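New to this one? Have a look at the chain first, and then we'll walk through a few of its parts together.

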Amino acid sequence: MIAIENLVVQFGGVRPIDRLTAQLAAPVSGLIGPNGAGKTTLLNVLSGFLRPIEGKVTLNGQALLELSPLQRVRAGLRRSFQTEQVVEDLTVAGNLAAIADHVLPARARLHAVSAALEFVRLVSVGARPGGSLNLFQRRLVELGKCVVGAPKLILLDEPAAGLSNEESGVLRELILRIPAEYGAQVLVIDHDVELIRAMCTETLVLDYGRMLALGPTDDVLASPDVRRAYLGEF
Ligand SMILES: Nc1ncnc2c1ncn2[C@@H]1O[C@H](COP(=O)(O)OP(=O)(O)OP(=O)(O)O)[C@@H](O)[C@H]1O
Ligand SMILES: [Mg+2]
């Protein structure tokens, strides 16, 4: 479970996260909100890329904010980026090994990389350079990196952005398997509310850095406040 308490992020006079308190416990939770609502900023705080000026975050009771990004990876935190971050000069397997090298003893790395490649269906391109992959394959590499080792919390920043419906369906099925197969909790940002509805039993809605709604996804998406914030987007 992720417990966020009184979190404040400030850049100059702007507060992209403004006194956010929320608890997320579902196997797959959604994080939605209009552009600039603070979604990526929240992921940056959880993964250690950004330091809040106030607040507390725990993952399954363990305080997170005191840990460096690498310590968080070792504690089971994984993330993907809104703009995919596949290393072009490394092979696909090498991209996954870059995580394994940090979190697993040498003898366990090869197997962990193979298992993750199999999970995301990239075994056949494992030896190809990252730079030769199409967008869907790159998004799968990002997901593969997230399941290497023993993930406890996987943060996905618009993992389906730019994908076709069919590709996004494949990604959705893989994400839904993660809690049972890896024992990890997943938090997904996406603008496609139908994708969020299909994956996430609970959803947090941010607007101007504040919590607009949190609860079962269908209830949240039906709420007039949430629909107003989206101005007819769905
Ligand atoms: N490093 C930064 N310095 C100053 N302002 C920033 C910085 N990073 C983000 N912001 C501002 O914080 C606010 C929240 O941005 P954030 O990227 O978290 O939004 P988002 O909800 O992920 O939006 P999108 O759906 O467009 O990805 C925005 O107003 C943004 O301009
Ligand atoms: Mg964002």
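What follows is a short tour of a ligand site, some helices and a handful of single residues.

This is a predicted model, in which local features need pLDDT of at least 70 and side-chain atom pairs count only at pLDDT 80 or more, while totals for chains, interfaces and linings use all residues. Residues are numbered from 1 along each chain as its sequence is written, and chains are lettered from A and ligands numbered from 1 in the order in which they are written.

**Around the ligand**

Let's start with ligand 1. A residue is near it if its C-beta atom, placed from the backbone, lies within 6 Å. The residues around ligand 1 include Phe11, Val14, Asn35, Lys39, Thr40, Thr41 and Gln82. By class, the shell has four nonpolar, seven polar and one charged residue. Here Ala, Val, Leu, Ile, Met, Phe, Trp, Tyr, Cys and Pro count as nonpolar, Asp, Glu, Lys and Arg as charged, and the others, Gly among them, as polar. At least two shell residues each come from β2 (14-24) and α1 (39-47), and α1 gives the most, with three. Those element names are DSSP runs numbered from the N terminus: helices (H or I, at least four residues) and strands (E, at least two).

**Helix α5 and its surroundings**

Now for α5 (135-147). Its 13 residues should span 18 Å at 1.5 Å a residue (the expected span is 1.5 Å times one less than the number of residues), and its end C-alpha atoms are 19 Å apart, which agrees. A residue is buried if 20 or more other C-beta atoms lie within 10 Å of its own, exposed if 12 or fewer, and partly exposed in between, with C-beta atoms placed from the backbone. In α5, 11 of the 13 residues are buried, so this helix is largely enclosed by the rest of the structure. Among what covers the buried residues of α5 are β6 (77-80), α3, α4, β7 (153-157) and α6 (165-182). After α5 comes Gly149, with a positive phi near 85 degrees.

How do α5 and α6 pack? Their axes are 11 Å apart, at an angle of about 5 degrees. Axes are lines fitted to C-alpha atoms, for helices over the stretch in contact, and angles run from 0 to 180 degrees between N-to-C directions. The two helices, α5 and α6, are therefore roughly parallel to each other (the cut-off for that is under 35 degrees). On the α5 side, Phe136, Arg139, Leu143 and Val147 meet Glu167, Leu171, Leu174, Ile178 and Tyr182 in α6. That contact has seven nonpolar, no polar and two charged residues.

**A few single residues**

Here are four residues with their surroundings.

| Residue | Place | Other C-beta atoms within 10 Å |
|---|---|---|
| Glu88 | loop between β6 and α3 | 11, exposed |
| Val73 | helix α2 (69-74) | 20, buried |
| Arg121 | loop between α4 and α5 | 13, partly exposed |
| Tyr208 | loop between β9 (202-207) and β10 (210-216) | 16, partly exposed |

Setting aside residues up to four places away in sequence, Glu88 touches Pro129, Gly130 and Gly131, where a contact puts C-beta atoms, placed from the backbone, within 7 Å. With neighbours within four places likewise left out, Val73 is in contact with Arg78, His102 and Val103. The C-alpha atoms of Val73 and Lys152 are separated by 9.4 Å, though 79 residues apart along the chain.

Most residues other than glycine have a negative phi. Arg121, however, has a positive phi near 60 degrees, and Tyr208 has a positive one of about 50 degrees.

Technical notes: Two residues are in contact if their C-beta atoms, placed from the backbone, lie within 7 Å. Angles under 35 degrees count as roughly parallel, over 145 as roughly antiparallel, 65 to 115 as roughly perpendicular and the rest as oblique.
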